[in-house]
Amino acid sequence: MNIFVCIKQVPDTETKITPNGDGSYIETSSIKWIMNPYDEFAVEQALLTKAANSGSTVTVVRVGGVKDTEALRTALAMGADDAILVEADDNLDSYMTAKALKGAIEKSGKTPDVIFTGKQAIDDDCLQVPQLLAQMLGMPSVTVVDGCEEAGGSYTLKREVEGGALEVYEVTAPVLIAANKGLNSPRYASLPGIMKAKRKPLAQHSLSDVGVSADDRRVKYSGFQLPPEKPAGKKFDAMDEAAQAGVVAEVVKLLREEAKVI
Amino acid sequence: MAKILVFSETSGETVKSVTFEILGKLAGHTVDVAIVGDMGANATADLAKYGAANVHNLKGANLDKYSPEGYANALKEFIGSNYDYVFAGATSLAKDLMPRLAGMFDAGMASEVTNFVMEGDNFAGTRPLFAGKVLAKVELDGPKPGFVTVRPNALGMPEAPTAGAGAANEVAANAGDIKAAIKEIVKGASEKLDLTEANVIVSGGRAMKSAENFKILEELAEVLGATVGASRAAVDSGYAPHAMQVGQTGKTVAPSLYIACGISGAIQHLAGMRTSKVIVAINTDPDAPIFTKADYGIVGDLFQIVPILKEELKKVL
Ligand SMILES: Cc1cc2nc3c(=O)[nH]c(=O)nc-3n(C[C@H](O)[C@H](O)[C@H](O)COP(=O)(O)OP(=O)(O)OC[C@H]3O[C@@H](n4cnc5c(N)ncnc54)[C@H](O)[C@@H]3O)c2cc1C
């Protein structure tokens, strides 16, 4: 089975984000990068699928900056077999990213039986790349998946929708599956895994190698700015039991008369 | 003028309210609405009230229930070259469907905008990125139509909607080849409005201490007509299911009122709820970061405050 996982490197969730000088993107120089949290579930599911299907390989693909290949090395250390990096700026749009992933997968010479991705990258929060990639490859996709069972290339997938309801999909490979939190518990890379990862193959392509040009940009961003600061709110001390009823009555009154939300 | 289609969902007779928010924002334009599968008879009337010129109901084999490929195939054929923009609410369904459809047209898509304007014939939106830590202007390029999803509750309901003709039109549509089909739908625990659509949310954090204790939040929510949410710490401790999680790895919500009970206000939690219009925080720690985002902060023990709050609200609601 040819298993692919697409991963992205994103700013650590704790990182302070500031717009760059001309507001065209963010300041990236001092950011700590991590593997997109949802992609960890995708990598883990790929490794579980490989373990259940002998003779399978897991190829991890990333489109992004070359300086720091940490996320790919982490995936290799977790147990992926080989990796592909398409060197690109961090601010590609979803269409360019999907097209680059498609190009990289095709260039590998392996036809995917299953592709795992995270449901969403937590930098641009677009939720587009999985569906776009599936569409470009002519594959079905199921997104926001938090349950995955596979037997003989048939998948039963659970997708969470509004109100906590689950849609249960049946699909035969090839299929693209976008992972949600809760799909599994991602493993940590072991020390031997980290040592081995250093010797695993990592192919590197440019965007033009995989057929992507500036004309492929579909989404234009400008005017990056910090959200307006909220004016300081009103704070009431109700630690003392005697004060509680009065404070609550005051807040309810404000919600009604000042904020007008109830 | 740009030709605009709004893709809408209905459940029974009820049209998702985000459709009305979008129609309200597009007042002054001629806007059609498309619905796939069964729709209630009243839905057309409601859509007309909010400005729909034509209500197209796409029907055909295998379109009675959602599948990404079936809906995308049907809509692709219907949209053809008839529209410049296709809007939808950022619901579970549309977030899954719209990118696939955009891919079919090799077109661009702006995800989950919180505001937008039509500048002449062109769409210009605002969207939060990096978990809401920055805002940016978003525009689309490339082949038409451009696709846009709008965050529910972000625009707000129009105050005085302009009525449209609301001409009902049934369209025979083709689902085409479906490889990923829904076998069954397992009903969710909650009959309440989903967090992403809720207008009022009462959330509990690690301080709730047990699943059992969430009952006091349920009771408060009952009085307010609210939906109950949770922080990741509460979810990871098993006090609440993941479907209730608000935040970076949970749901992004935009209610008019968010009441955070025993939630510290970690950056990843704020990511999911910072666009709430009014925030109330109840926390014993006067220095909890949530207080910097709260419009009304109550420094106190939630187990004491929440029941009093419930009784006080009962008096006025
Ligand atoms: C990659 C990543 C993604 C994440 N995604 C999310 C996410 O989606 N959503 C999310 O919420 N978190 C997320 N987190 C976790 C986040 O960092 C915090 O750990 C979490 O939000 C803390 O939850 P909490 O505020 O309920 O718990 P705590 O931080 O433990 O806060 C509990 C609060 O309750 C107060 N308290 C205690 N007793 C009482 C009482 N009796 N009455 C009133 N107040 C009381 C305390 O003063 C404290 O402020 C994520 C973290 C990472 C690294």
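**View 1. The ligand between two chains of a predicted model.** The ligand sits between chains A and B in what is a predicted model. Its shell holds 28 residues, counted as near when one of their heavy atoms lies within 4 Å of the ligand. The closest are Arg206(B), Ser231(B), Thr249(B), Gln268(B) and Asn283(B).

**View 2. Polar contacts of the ligand.** A polar contact here is a pair of N or O atoms within 3.5 Å. Oxygen atoms of the ligand lie 2.5 Å from a side-chain N or O atom of Arg206(B) and 2.5 Å from one of Ser231(B). At Ser264(B), a polar backbone atom is 2.7 Å from a ligand oxygen. On its own the ligand has 990 Å² of accessible area (Shrake-Rupley method, 1.4 Å probe), and the protein covers 78% of this.

**View 3. The shell around the ligand.** In chain B, α6 (232-236), α7 (267-273), β17 (278-283) and α9 (302-316) each give at least two residues to the shell. Helices are DSSP runs of H or I with at least four residues, and strands are runs of E with at least two, numbered from the N terminus. Sorted by class, the shell has nine nonpolar, 15 polar and four charged residues. Asp, Glu, Lys and Arg count as charged, and Gly is among the polar ones.

**View 4. Chain A.** Chain A contains six helices and 13 strands. Of its 262 residues, 53% are buried (under 20% relative accessible area, 1.4 Å probe, protein chains only).

Residues are numbered from 1 along each chain, and chains are lettered from A and ligands numbered from 1 in the order written. Local features need pLDDT of at least 70, side-chain atom pairs need 80 or more, totals for chains, interfaces and linings use all residues, and side-chain values use heavy atoms, without hydrogens and water.

Technical notes: Polar contact = N/O pair within 3.5 Å; in protein donor to acceptor, adjacent residues only side chain to side chain. Buried < 20%, exposed > 50% of the residue type's maximum accessible area, 1.4 Å probe, protein only.
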